[in-house]
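Here are my notes for you, written as numbered points. Keep the model open while you read and look up each spot as we go.

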Amino acid sequence: MAAEEKSLKKQLEYQKRLNSITNKIHLAQDTNDILLNLQDEILGLFDADRITVYVVDSSRKEIVSVVKTGTEVNEIRVPVDRKSIAGYCASTGKVVNITDAYDEHELEGIIPKLKFDKSWDQKTGYNTTQVLAAPIIYDKYLLGVLQLINKKNGGRFTKEAQSSAMDIAKVLGVAFFKNKRSAQKIKLSKFDFLVTNNIISGEDLREAMPRARKAKKTVESVLMDDYHVSKDDIGKSLSHYYKVPFISFDKNMPIPHHLLKDLKISYLKNNAFVPVSQSDDKVVVAMEDPDYLPARDAIKRLIPAKSFEHCVSLREDIYKMIAHFFDVKGTENLTGLGSIEDILGQLQPDYEEEDEEVGGMTEDDGAIVQLVNKMIIDANDRAASDIHFEPRQGKAPAVIRIRIDGACQLYQTIPHTYKRAVVSRLKIMSDLDISERRLPQDGKISFKKFAPLDIELRVATIPTAGQNEDVVMRILPSGDPIPLDKMGLSERNYNTFLDMITKPYGMILVVGPTGSGKTTTLHSALKHINRPETKIWTAEDPVEITQEGLRQVQVLPKIGFDFATAMRAFLRADPDVIMVGEMRDQETASTGIEASLTGHLVLSTLHTNSAPETITRLLDMGMDPFNFADALLGVLAQRLTRTLCEDCKEKYHPSRKEFDSLVRAYDGDFDALGFEYNDDFCLYRPKGCPKCNNRGYRGRTAIHELLLGTDPMKSLIQNRTKMEELRHEAVEEGMTTLMQDGIRKICLGITDLEQVRKVCIR
């Protein structure tokens, strides 16, 4: 009785395994892929050593292997006739079960001319003995052959195994037909795009599949690592196959905290999907297989949303997204902070900012402190220049954006219940009044007081609609100034500017809008002339860059210590060079001109759009034209434009129309640049790679225009000449405009016209 129960239990287990295999084949969207994944399971069921699945190549009247174990040969082709075991199975539609393929009497017992092609064993060194072959048929149409080779424990394949092989072959027939794949089409896969576009050959793909199985890696990773297929091309192939967008991992991807609630890392990894973002009511989900229905059903069940956009992604990238979103590796800095998820998990969910009594920190201040510290540290690690904390109205999540290379990008979102506490924490760090929410406030954070990271931030709070407050933080640069020869100045501008800053007296102005690098340029100039024999005073608001040897002063307008006051004090302190952060008013400008006329070199900045405009602006402020003309050495106007990524920028030959548009935009003697339109003339455009986060741009460069205080220019200033005449004279004297310098850098492959046009008009 016990033996019968044991036998029954064994039969039930066998049937369960068979059902599992047939169900997986039936549910699969890509039969070829599922067979690759099920090889070991099928071989275990039959206790077989090798498996081959053939499909019919009707054009050549052959069956060809699409799935097989063994790497000795890449492909097996067998004529559909009665001269081989698999060919006989295909031509007759009958199951073949052979104990010894080398036993000619056994083969002739099936049909007189049946032979085993021993050349395959001779090529591979493999010894074939037992063979079980079952035809794959659907509605009387032959689609292929399922063949199992060699019982591991010897002996003949059993009748039960023969029946199971027929069951699997029958399901394969339905699957092949359901997917509308003829025997030729079954070879095609999600990598068709790569083969069709000659990125890899069909032979490469057939080699990559067994390699991937052996190395326990995905086929995609093998193609990228061993066959040097780019991720971009893999993405195009997957997108073409699944008819959905491809999403690549980006270390700067914003973390969708509100979508990750109650999701488990292990579950997301096992099912190879992760929510990426939400736009209105639509949630974007990255999936390894967007057609996998069980995963799509799980997404609907776990993530509340009206609609979903299912996108395809590499399994490795999905794992990286999960690690990034949940901060699996932890924050890699000295702070010891956990992930954002861990920090938010410490906060009380019932905290509501609408409660007027809870205006500042609460009992959860420890978590808020960690949250703010991590936000600042992450922004600094990503080389951001600014952090924008933007509470939204109502219960919409607060948004954090960071500015990198001059462009804002989404960093992450914070649940609305924490927005007031975050603002209060930032005010405390900046020594601002946390009870004042109606007026803008300015402050400064010395971050080393709060975390082991020595950076400073300039802070501005601004009241916004819905009784909210925005906070914008500028991360002040640290480290040595950029060398002057690395500032991107043309040869003419570099030599001329160098000559100006080494003069014993006079006024030099660097102009441009906020964030155009004026202070950086001034400090580079000061670094060049900073010598023990030269006494240099600076008045700044704030002191953003520090240099050894400079005597730097932070002005405090609130107590009456402004730029003009600081300059008057400097004149009594034996200066050689004076740098003023900004000429904001008539008094500061007048004091600067007086200082330059009394034997001092004065450098300063001004918020104007161009070099000629600076002169008319100062005259309109009430400067004496004769004193100003005598004092002026030159005006350097500049902008910062994004540069093309050196690792991925794409070279191309522009059309004549595009070349002519450059010439028109240059609006000058374009031939003087030394570029002409011919077959060798090339420009560059953005492409995108992991190093630039697939944006195509990395870093920024400056474009300049330098107006000199020559004698003719001084005469025009004394006569209060109009700006256009000043511009014309400056160009006649060799000044290149901002646009012209930008186009020069376009032709050199540093940037492109779109970026130049974003920062200058003419």
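1. Start with C760: this cysteine is buried, since its relative accessibility is 6% (buried means under 20% relative accessible area, exposed over 50%, partly exposed in between, using a 1.4 Å probe and protein chains only). Where is the cysteine sulfur closest to that of C760? That sulfur belongs to C747 and sits 14 Å away, too far for a bond. A disulfide is a covalent bond between the sulfur atoms of two cysteines. With the cut-off for a disulfide set at two cysteine sulfur atoms within 2.5 Å, the structure holds zero disulfides. Another cysteine, C408, is partly exposed, with a relative accessible area of 30%.

2. Before going further, remember that this is a predicted model, where local features need pLDDT of at least 70 and side-chain atom pairs count only at pLDDT 80 or more, while totals for chains, interfaces and linings use all residues. Residues are numbered from 1 along each chain as its sequence is written, and side-chain values use heavy atoms, with hydrogens and water left out.

3. Now the cores. A nonpolar core here is a set of buried Ala, Val, Leu, Ile, Met, Phe, Trp, Tyr and Cys residues joined through side-chain atoms within 4.5 Å. The largest one has 54 residues, and I25, F46, L148, I168 and L223 have the most contacts inside it. Take L148: apart from neighbours within four places in sequence, its contacts (heavy atoms within 4.5 Å) include I42, L43, F46, V131 and F157. There is also a second, separate core of 31 residues, with I376, I377, L426 and M473 among them.

4. Next, T52, which lies in strand β1, residues 48-57. (Helices are DSSP runs of H or I with at least four residues, strands are runs of E with at least two, and both are numbered from the N terminus.) T52 is buried, at 4% relative accessible area. Beyond four places in sequence, T52 touches S65, V67, K68, V145, L146 and Q147.

5. Helix α10 makes a nice sum to check. The expected span is 1.5 Å times one less than the number of residues, so for the twelve residues 231-242 we get 16 Å, and the end C-alpha atoms are indeed 16 Å apart. Its buried residues are D233, I234, G235, S237, L238 and Y242, and they pack against α7, α9 and β9. Right after α10 comes K243, with a positive phi near 60 degrees.

6. Is helix α17 (residues 419-429) largely enclosed or open? Ten of its eleven residues are buried, so α17 is largely enclosed by the rest of the structure. Charged-looking names turn up in that buried list too, including K419, R420, R425 and K427. Just after α17, D431 has a positive phi of about 60 degrees.

7. Look at α24 (656-666) and α27 (738-747): they pack at about 150 degrees with axes 9 Å apart. (Axes are lines fitted to C-alpha atoms, for helices over the stretch in contact, and angles between N-to-C directions run from 0 to 180 degrees.) That makes the pair roughly antiparallel, because angles over 145 degrees count that way, under 35 as roughly parallel, 65 to 115 as roughly perpendicular and the rest as oblique. L662, A665 and Y666 in α24 meet M739, Q740, I743 and I746 in α27.

8. Last, N609 sits in the loop between β20 and α22 and is partly exposed, at 47%. Setting aside neighbours within four places, N609 is in contact with R639 and L738.
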